[in-house]
Amino acid sequence: MKELFDSVSNDCSKLVTKSYSTSFSLAVNMLSPKIRADIYNIYGFVRFADEIVDTFHDYNKEELMAHFERDYYMSKEQGISLNPILNSFQQTVNRYNIPEEMVQAFLKSMKADLHKTQYQTKAEYDEYIYGSADVVGLMCLKVFVDGDEKRYNELKDAAMRLGSAFQKVNFLRDLKDDFELLNRSYFPNVDLGQLNAISKQLIIDEIEADFDYAYTHGILKLPVEAKFGVYMAYRYYRRLLKKLKAVPSEKIMDTRIRISDPMKINLLARSYVKYKLNII
């Protein structure tokens, strides 16, 4: 039965999420059970594409990405794929009418990582972040509002700003690997080999502005099914940013910032109290 295969496919996307990101898995687990599977499905798709361009160095990445993209479009057309990650994702795309433009923008940014190493203008930088992060936030928002177009339009700018903030924090956290291992430099007009305090602070100010907008204009207004889970992800990334902010600019390339498991539990407990008291 197709239903059994679909269920197995959903389980595979859930496994991918839990295997690759315990922090994101924790946040997804705080969502309403009725929307968790679709968020796992979105994450599984974007995670696999990201793995192709970032880690499969011993293989032909261009061929793998082309094959992945081709199989996705075939699954979208046929309503099934023997790749369980693609099978689960196309279900979510069809269920929530996720626009094809979003998927295309995401794949375009991933394919850019196959050859582009520097983003020298803000326009290039913004386009990359839109495809790699903003549209992922918009896909999730499509699930959160469950067809309510009015609410979607009210929250979409905040969803994009939150996606941007998450991505920029990742850029800061992964500076060493991106610069030294992958030869990538995402921040325009910034010499990562000699990152100074002023350049670092400008990046942090930009991220904090994104976070503030996303919290006020988005997170506080999310449907109850999604609010606590998204808030948890927000709190996690804000804590990461706080730790990155404390690292001197000359040492940020040599420091791997992470949130310990006890701190994650602490964040969860404090966030839950605020949520139950209707502070968020």
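Two exercises with worked solutions follow, on ring contacts and on charges over rings.

The structure is a predicted model, in which local features need pLDDT of at least 70 and side-chain atom pairs count only at pLDDT 80 or more, while totals for chains, interfaces and linings use all residues. Residues are numbered from 1 along each chain as its sequence is written, and side-chain values use heavy atoms, with hydrogens and water left out.

**Exercise 1.** Classify the ring pair F166 and Y237 by its geometry.

*Solution.* Begin with the rule: rings of Phe, Tyr and Trp (its six-membered ring) pair if their centres lie within 6.5 Å, and planes under 30 degrees apart count as stacked, over 60 as edge-to-face and the rest as tilted. This rule gives 21 aromatic pairs. In one of them, F166 and Y237 lie 4.3 Å centre to centre with 25° between the planes, and the pair is stacked. Next, place the partners: F166 belongs to helix α8 (residues 149-173) and Y237 to helix α11 (residues 224-246), 71 residues apart. Both F166 and Y237 are buried, a term for under 20% relative accessible area (1.4 Å probe, protein chains only). Finally, F166 and Y237 belong to a cluster linked by ring pairs, together with F211, Y215, Y231, Y234 and Y236.

**Exercise 2.** Find which lysine lies over the face of Y119 and which has its charged end over the ring of Y152.

*Solution.* The criterion requires NZ of Lys or CZ of Arg within 6 Å of the ring centre and within 35 degrees of the ring normal. For Y119 the lysine is K116, at 5.1 Å from the ring centre. For Y152 it is K142, whose charged end sits 4.2 Å from the centre of the ring.

Notes. Helix = DSSP H or I, 4+ residues; strand = E, 2+ residues; numbered from the N terminus. Buried < 20%, exposed > 50% of the residue type's maximum accessible area, 1.4 Å probe, protein only.
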